[in-house]
Amino acid sequence: MSNWILLLAILTGILFSSCHSNSVAPPEPVQPIPTARQLAWQDLEFYAFVHFNMNTFTDMEWGTGGEDPALFNPTQLDCHQWARVFKEAGMKGIIITAKHHDGFCLWPSKYTEHSVKNSPWRNGDGDVIRELQEACAEYGLKLGIYYSPWDRNHADYGKPQYLEYMRRQLKELLTQYGDIFEVWFDGANGGTGYYGGANEERRVDKLTYYDWETTYKLIREWQPNAVIFSDAGPDVRWVGNESGHSYPTIWSNLMRDSVYGGMPTYHTDWADGQENGTHWVPAETNVSIRPGWYYHAYEDHKVKSVPKLVDIYYESVGMNTPLLLNFPVDTRGLVHETDALQVQNMMKKIRADFANNLVSGASASASNTRGSSFGAGNVIDQDKHSYWATDDSTLTASLTIAFDTTVRFNRFLIQEYIPLGQRIKAFTLEYLEDGTWKEIARETTIGYKRILRFPTVESNQLRINFTDSKACPVICNVGVYDATPLLYPPQFRRSIAGDISIQVPDSTVEIFYTLDGSAPDINSIRYTSPFNYHDPVSLQAIAMDASGHQSEIGHIDFDIAPTDWRIINRDTSARNAIDGDENTYWTAGSGDYDQVIIDLGKPVSLTGFSYLPPQNRWFSGIISEYALYVSNGGGGYRLAQKGEFSNIKNSPVWQKVEIPEQKCRYIKLKALKTIDGNPPSFAEVGVFTKH
Ligand code: FUL
């Protein structure tokens, strides 16, 4: 018997070693590579941001810190409603603004009086973080914490002892509310504030003040699986814009030691990562479903359209970054119905786009394969842990997907197996037509996930050519899809002369509109060419395709047209500020005293004004503090309003300011401060009048 066992052992040994000698080792990782917590986070792909705090009740984007806790009083707060909306949209978690720049805490922190405990909400016994934790548990969502390092309320902000306060609060948040998946540190830091009544400006050295290393160590103790977000990571970095897009070339590798939170050159020089970055710090795209991060009733009709949200998805998740989509929870304490509907419709479209993966009836082959366990079939087996790889020495190679029959497609999805590092530097996509390979796309990086959109092609073969790579390509997944077209809601423009034009990107669809605030349909006025409308008007329009499918409603409220307005500045090109074209702007030169002066042509009852900063990518001279003067002519100007355009740097959208109603004919919008100290720039200036 023992001889049999011996024989068996020898045979097994022979078999094992022969198997072993035939098997090929997997590729060596290319440094840097992700940690386990980063890999788990990367799989989430889509999760919600909630901006809900004191600003919700003061209608602000950045509170000063001097707000009365009594103002915080949601009437129907229901975190379960938030969780239900997000879960249905396919999101995997929620990151909540536990404390924003104004310092108000959504949980009853032991270390400050500036919290929910001193608000009338739930008689001071409420805890938003606890309620959210429970709602997340019910819906199987992960919980994340946004904590602003900048605190405009705290008397010690800027002094060393503030760091103790910050760490004690983080300990509360990270030890009392179960598992936290992400800790989010904002880059906005230092400036004016209440600071316990000092009401002064406090600047900090963003590189050294916070002693982040100590805080990070504590966070690792309290929440070892949480990723830490800031401009500089250490685990997840900012994508460098708040408009909702990543970049076609984007590396998860970052020269981390050269970057710090709030660095002025971060978004221009570092945000897209570096091929030779030293650390794995992937980017995350954060964007709001509305223009602002916080709820403002005046943005209820500015919720992003489905086509815009779908674009954002493709340009974030489809460009190697998870999407952190923000919902400004309203004063009731609910996700607004419109926002809930839009995200649902967005995901309906995304799910439809990816419903049918055409590779399921296809076969895959490759120009080079490392060995049988790394064959081309691994990219279409729906198992993202199996991958195709080439020999170590083969850095350029092709993968071909052959379909059973001719198929139509316009989407292509591809994923690198990132536990072995990000490798691909360039690739092309081709399809076979009449025996010839035709190029569809010429691209650069892939990373965790890359999705390409292109006009529909018909073919029975698709080829991916990896033309440049840091090391042998390692691809775990490929998908091919046929998405249906999308109807875009119409866009509007009014010229100085009052000519209104309505546009849609697809000229084959028809447009119907109304001028009386009613919802348009096929019986409304059919748009054929621009029309003149000088008076205030509420305009709504839809686009409709040949089969009767219609877009969402596009909506705009125009005040009086600037036809009779006159620019009084010496530099007549200041006219760009009132030409109705958001893409042109005027920058004040010397002699124009940092202001736009407008003669409105006749006396009006002014109730407010609006300012749009330049919309180009690398702008300068965005106004952060303003003064509005008005005049009836003859005498001098009187000050009508003075204030701050909060968060305008990161979110350069229309700023609308209401003022006490007053009769005037002339207005002067003066910049008191610009974000970069450069002369102020004006894309558009408008007025609100009572009529
Ligand atoms: C910015 C903040 O200043 C905004 O208020 C918002 O929280 C956004 C997500 O980050 O830097």
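How many Å separate the centres of domain 1 and domain 4? The answer is 32 Å, with the centres taken over C-alpha atoms. Keep in mind as you read that this is a predicted model.

1. Layout first. The chain's domain assignment gives four pieces: domain 1 covers 36-352, domain 2 covers 363-481, domain 3 covers 491-558, and domain 4 covers 562-689. My comments stick to domain 1, domain 4 and the ligand.

2. On the contact of domain 1 with domain 4: twelve residues come from domain 1, and ten residues from domain 4. About 1,100 Å² is buried between domain 1 and domain 4, and carbon and sulfur atoms account for 48% of that area. On the domain 1 side, have a look at Trp62, Glu242 and Pro291, which supply 35% of the area that domain 1 buries against domain 4, more than any other three residues.

3. Now for the polar side of that interface. Between domain 1 and domain 4 the count is one salt bridge. A salt bridge to check by eye is the one joining Arg152 and Glu644, whose closest N and O atoms sit 3.6 Å apart. Residue pairs in polar contact between the two domains, with both residues at pLDDT 80 or more, number zero. As for make-up, the side of domain 1 that touches domain 4 has five nonpolar, two polar and five charged residues.

4. Over to the ligand. It is surrounded by 13 residues, the closest being His51, Trp62, His100, His101 and Asp186. Sorted by class, the shell holds six polar, five nonpolar and two charged residues. Trp62 is worth a second look: it is listed among the closest residues to the ligand, and it is also one of the three that lead the area domain 1 buries against domain 4.

5. Some distances to go with that. The side chain of His51 has an N or O atom 2.7 Å from an oxygen atom of the ligand, and for the side chain of Asp186 the figure is again 2.7 Å. With the side chain of Glu242, the value is 3.4 Å. Taken alone, the ligand exposes 300 Å², and the protein buries 97% of that.

Technical notes
Residues are numbered from 1 along each chain as its sequence is written. This is a predicted model: local features need pLDDT of at least 70, side-chain atom pairs count only at pLDDT 80 or more; totals for chains, interfaces and linings use all residues. Side-chain values use heavy atoms; hydrogens and water are left out. Domain bounds come from an automatic or database domain assignment. Contact means heavy atoms within 4.5 Å. Buried area is the accessible area (1.4 Å probe) that two parts lose on being put together, summed over both. A salt bridge is a side-chain nitrogen of Lys or Arg within 4 Å of a carboxyl oxygen of Asp or Glu. A polar contact is a pair of N or O atoms within 3.5 Å; within protein, one must be able to donate a hydrogen and the other to accept it, and residues adjacent in sequence count only if both atoms are side-chain atoms. Ala, Val, Leu, Ile, Met, Phe, Trp, Tyr, Cys and Pro count as nonpolar, Asp, Glu, Lys and Arg as charged, and the others, Gly among them, as polar. A residue is near a molecule or strand if one of its heavy atoms lies within 4 Å of it. Accessible areas come from the Shrake-Rupley method with a 1.4 Å probe; for residues, only the protein chains shown count as cover.
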